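Dear colleague,

Please find the structure below, followed by a short account of what was found in it.

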Amino acid sequence: MGDRLGAILEDGVPRVCSAAVALIAVDGRVAAEAATGELVRYADAEGKPADERPPVRPDSIFDLASISKLFTTAVLLSLAEEGRIGLDEPVTSWLPGGDARITPRRLLTHTAGLPPTRRIDRELPGADASERMEAMVRTPVAHPVGGPYLYSDVGLVMAGRIAELAGGEPLDALVRARVTAALGLADTGYRPRALARIAATEWKPERPGPGCVLGEVHDETAYALGGVAGHAGVFATAADLLAFGEALRLGGGPVLRPETVAELRRDQGAEGAPFRHGLGVRIGDPAIVGPLDGAFGHSGFTGTSLVVDPARRLTVVLLTNAVHPVRGRDGIRELRHAVAAEALRLRDLAS
């Protein structure tokens with residue numbers, strides 16, 4: 001199943017990435033799936049071949065990078081459903097001394113005025129994860145609050161910490177209890193253990209252990225925070241991510257209520273972005289949706305994407321490791337578009 005999809009992935013491997021898995025569901029049924037490449041292809045930044053190069057499989061596990069933000073969003077919104085969080089309540093309710101203009105809604109729409117990133121590992125090289133987190137959530141506003149849109153990992157780190165304070169558990173436990181366990185996603189979570197199934201990412205000589213990063217979060221800030229953060233750190237298989245996307249497409253059950261998902265998908269009016277923005281999700285993001293205009297979802301820096309198109313009854317997953325062995329490789333946008341176009345073709349055939 002998925003000969004055309006397989007050909008699309010093979011055209012991008014190893015030019016764009018060394019491993020790729022894609023899944024397309026139409027009306028909730030898998031219409032095409034493909035996996036190609038090697039989980040570990042390179043041993044260093046110069047492209048030296050790895051001694052062992054295990055083939056990718058449909059159940060291989062990838063670092064989702066910023067798609068992790070959708071899991072944080074789901075947790076935060078589930079807490080809002082219980083009345084533990086108010087989306088328009090000042091963050092000072094949980095972070096005394098913070099900026100009262102910042103709210104969870106502004107964090108999820110990237111309109112809180114926070115900087116895009118903060119290399120807390122370099123700022124506090126001798127600190128532990130809890131000390132670094134405390135500094136992260138105290139990051140001062142550096143841009144206009146309320147807009148325009150400014151993508152901020154710092155904001156989602158803060159959102160994850162607020163979820164912990166409101167939910168009374170660490171973020172990884174909240175994601176497990178409120179999302180992955182509810183949906184039966186056995187291969188999704190932070191700090192994975194099934195190393196033999198994980199795709200390698202970037203060559204980082206500063207990390208312990210030889211070779212490219214394997215089984216640890218690629219993102220430097222998330223790594224400095226212990227591997228669990230609101231903006232990055234979740235690993236998953238394509239099938240698990242598809243199930244999560246399908247839950248959002250069908251109204252959220254058993255994770256969120258339909259009215260909550262409707263609000264998640266509603267254009268929140270963030271100005272200045274090349275797409276519309278919902279709560280934690282991008283709507284019509286030209287980097288990932290291709291011909292599926294109006295679809296919502298998110299991408300990840302490692303080369304991942306989730307696209308959900310309720311109007312066309314489609315959910316599209318692409319997992320790659322486009323940062324292996326180095327970042328900045330060309331072609332991931334075109335690969336995402338080609339997979340989305342194949343999804344549209346399959347939908348049209350099924351209609």
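**Cores, sheet and a buried lysine**

In this predicted model, the largest nonpolar core (buried Ala, Val, Leu, Ile, Met, Phe, Trp, Tyr and Cys residues joined through side-chain atoms within 4.5 Å) has 79 residues, and those with the most contacts inside it are Phe71, Leu107, Ile162, Leu241 and Phe244. Buried here means under 20% relative accessible area, with a 1.4 Å probe and protein chains only. The most is given to this core by helix α6 (residues 153-167), with eight residues; helices are DSSP runs of H or I of at least four residues, strands runs of E of at least two, numbered from the N terminus. Another core, of 28 residues, lies apart from it and includes Val26, Leu314, Leu335 and Val339.

Residues are numbered from 1 along each chain as its sequence is written. Local features need pLDDT of at least 70 and side-chain atom pairs pLDDT 80 or more, while totals for chains, interfaces and linings use all residues, and side-chain values use heavy atoms, without hydrogens and water.

An open sheet is formed by three strands in the order β3-β5-β4, with antiparallel pairing (at least two DSSP bridges between two strands). β3 (62-63) and β4 (189-190) each have a single partner strand and stand at the edges, so one side of each lacks a neighbour in the sheet. Within β5, Ala236 is the residue opposite Phe62.

Lys69, in helix α2 (residues 68-81), is buried, with a relative accessible area of 1%. Beyond four places in sequence, Lys69 is in contact (heavy atoms within 4.5 Å) with residues including His110, Asp153 and His298.

With kind regards

Notes
Buried < 20%, exposed > 50% of the residue type's maximum accessible area, 1.4 Å probe, protein only.
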